[in-house]
Amino acid sequence: MKTLTNSVALDAYWMPFTPNRKFKAAPRMLVEASGMYYRSDDGRDILDGSAGLWCVNAGHGRKEIASAVAAQLEGLDYAPSFQLGHPLAFRFAERLAEIAPPGLDRIFFTGSGSESVDTALKIALAYQRAIGQGTRTRLVGRERGYHGVGFGGISVGGLVNNRRAFSTLHGVDHMRHTHDPSRNLFCKGPPEHGAELADDLERLVQLHGAETIAAVIVEPVAGSTGVLLPPQGYLKRLREIATRHGILLIFDEVITGFGRLGSPFAAQHFDVAPDIMTTAKGLTNGAMPMGAVFTSRHVHDALMQGPEAAIELFHGYTYSGHPAACAAGLASLDVYQREGLFTRAAELEEHWQRNLLSLQNAPHIADIRAMGLVAAIELSPRPDDPGSRGFDVFVDCFEKGLLVRANGDTIALSPPLIIDRDQIDRITQTLFDILRKTR
Ligand SMILES: Cc1ncc(COP(=O)(O)O)c(C=O)c1O
């Protein structure tokens, strides 16, 4: 049996998205967190350059959130959300509606980003049927998209490793991804070229007929594939094509939501209104598992039809609107708003971009992309072993006290929004030192 020095047995836990055997041979364990730092089991402080998994936007160990959750668990630990309610879920939905992009103010709670995506796809299908467009069953995603791990999410998603071992939904198409290093490299903010890639949706309309397509889903900034920024004008063009053909536009804002780009949501940042928006992660500052799907009035209202005694949408989760998750979410919103965190990424963006782009001449750099408080440092792969350089840099960073994400050979950064300028400098310096020594 594999054990750690403090004798935690490692065998039973089947870890997600992890090479289990490799990890268990040399574990990296986190035991505490506060502010911008994790603490490892060997007592080192580790600067969190990734907000956990893109979720701890207000930093770690926020007392307000912890006490709200504790109080809620003592007062009302759980309440069913089917045919019953509790005030916090209504209050939280109301508060979210206040910060939502205009009109996206009907909110369905889920337990995660994956559940939010599957919920959004199902709402889109139910909506088309409700308005007499039942032939619209086709869904459109994008290559290199990540929409979680449910069957809906992997079907519209475009990451081959997440798809190849599993069957996917029928009637799903993919637009091309927007990464074009031949025209866009080292971008601060949206790249100049590539708006015309949105016309892929138009081509799918020409191929299948608009009357077969229910919805198109994209991440405004594609995160998990290695931070791909949308070309200038791309999202607006996608919106226009979708509107022209009666196709619902879904923004997957699981990463971009709650301040990552310097506005509450990417929809506001890019001034493009989707019909449906999926969120999770920063919704509760990562403190409780929860997701929320924001839908526009016209989508919601189209489903509020028929006999009043009839359930309008046959969908929901045991943990939809969980009281403790709502408490965490409300307390997180208070922190975000009180500390101005929804706009903090905009204040730091210039410093962030200048610092990270200064790595341009470090060894192994293929591209750097930075926007808001998110960035990708794409390394050229080792010819004999793609992905290994990114992984080695991730491990070296961890050992030097910096947490980053490696997506293949791309290092992704998305620190808590409370980061200060010195900490940004430290991220850059650590990466520079490590890249100089990396094979
Ligand atoms: C854009 C996007 N959608 C969906 C998900 C899935 O979220 P979860 O892991 O909470 O299911 C993620 C997770 O990283 C994501 O980045």
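Select strand E1 and strand E2 (residues 37-40) in this predicted model. The two strands pair in the antiparallel sense, and four bridges join them. For a single point of reference, display Leu 30, which stands opposite Ser 40 in E2.

Next, add strand E3 (residues 45-48) to the selection. E2 and E3 run antiparallel and are joined by three bridges. Tyr 38 has Ile 46 as its bridge partner in E3. Four residues lie between E2 and E3, which together form a hairpin. Select Gly 43 in this turn: its phi is positive, at about 85°.

Now select strand E14. E3 pairs with E14 over two bridges, here in the parallel sense. Leu 47 and Leu 402 of E14 stand opposite each other. With these strands displayed, the whole sheet can be followed: it is open, has four strands in the order E1-E2-E3-E14, and its pairing is mixed. At its edges are E1 (30-34) and E14 (402-403), each of which pairs on one side only.

The tour continues with another sheet. This open sheet has seven strands, ordered E4-E11-E10-E9-E8-E5-E6, again with mixed pairing. Strand E4 (106-110) and strand E6 (172-175) are its edge strands, pairing on one side only. From one strand to the next, the twist averages 20°. Within this sheet, select strand E9 (residues 248-252) and strand E10 (residues 276-279), which run parallel and are joined by three bridges. Asp 252 has Thr 278 as its bridge partner in E10.

Which helix should be selected against this sheet? H5 packs on it. The strands that H5 touches are E4, strand E5 (138-142), strand E8 (213-218), E9, E10 and strand E11 (291-295). The direction of H5 makes about 25° with that of E11.

Keep H5 displayed and turn to the ligand. Helix H5 (residues 113-130) gives the largest share of the shell around the ligand, namely three residues. In total, 14 residues surround the ligand, and the closest are Ser 112, Gly 113, Ser 114, Gly 148 and Val 254. Sorted by class, the shell has seven polar, five nonpolar and two charged residues.

Two helix pairs complete the tour. Select helix H3 (residues 63-75) and helix H12 (residues 323-338), whose axes lie 8 Å apart and which pack at an angle of about 155°. H3 and H12 are therefore roughly antiparallel to each other, and their crossing is right-handed. On the H3 side, the contact is made by Glu 64, Ile 65, Ala 68, Val 69, Gln 72 and Leu 73. On the H12 side, the residues to display include Pro 323, Ala 327, Leu 330, Asp 334 and Val 335. By class, this contact has 11 nonpolar residues, with two polar and two charged ones.

Finally, select helix H13 (residues 341-357) and helix H15 (residues 421-437). These helices pack at an angle of about 20°, and their axes are 9 Å apart. That angle makes H13 roughly parallel to H15. The crossing of H13 and H15 is right-handed. Display His 351, Trp 352, Asn 355 and Leu 356 in H13, which meet Arg 421, Ile 424, Asp 425 and Thr 428 in H15. The contact of H13 with H15 has three nonpolar, three polar and two charged residues.

Notes:
Residues are numbered from 1 along each chain as its sequence is written. This is a predicted model: local features need pLDDT of at least 70, side-chain atom pairs count only at pLDDT 80 or more; totals for chains, interfaces and linings use all residues. Axes are lines fitted to C-alpha atoms, for helices over the stretch in contact, and angles run from 0 to 180 degrees between N-to-C directions. Angles under 35 degrees count as roughly parallel, over 145 as roughly antiparallel, 65 to 115 as roughly perpendicular and the rest as oblique. A crossing is left-handed if the near helix is turned anticlockwise from the far one by less than a right angle, and right-handed if clockwise. Two residues are in contact if their C-beta atoms, placed from the backbone, lie within 7 Å. Ala, Val, Leu, Ile, Met, Phe, Trp, Tyr, Cys and Pro count as nonpolar, Asp, Glu, Lys and Arg as charged, and the others, Gly among them, as polar. A residue is near a molecule or strand if its C-beta atom, placed from the backbone, lies within 6 Å of it. Two strands pair if DSSP finds at least two bridges between them.
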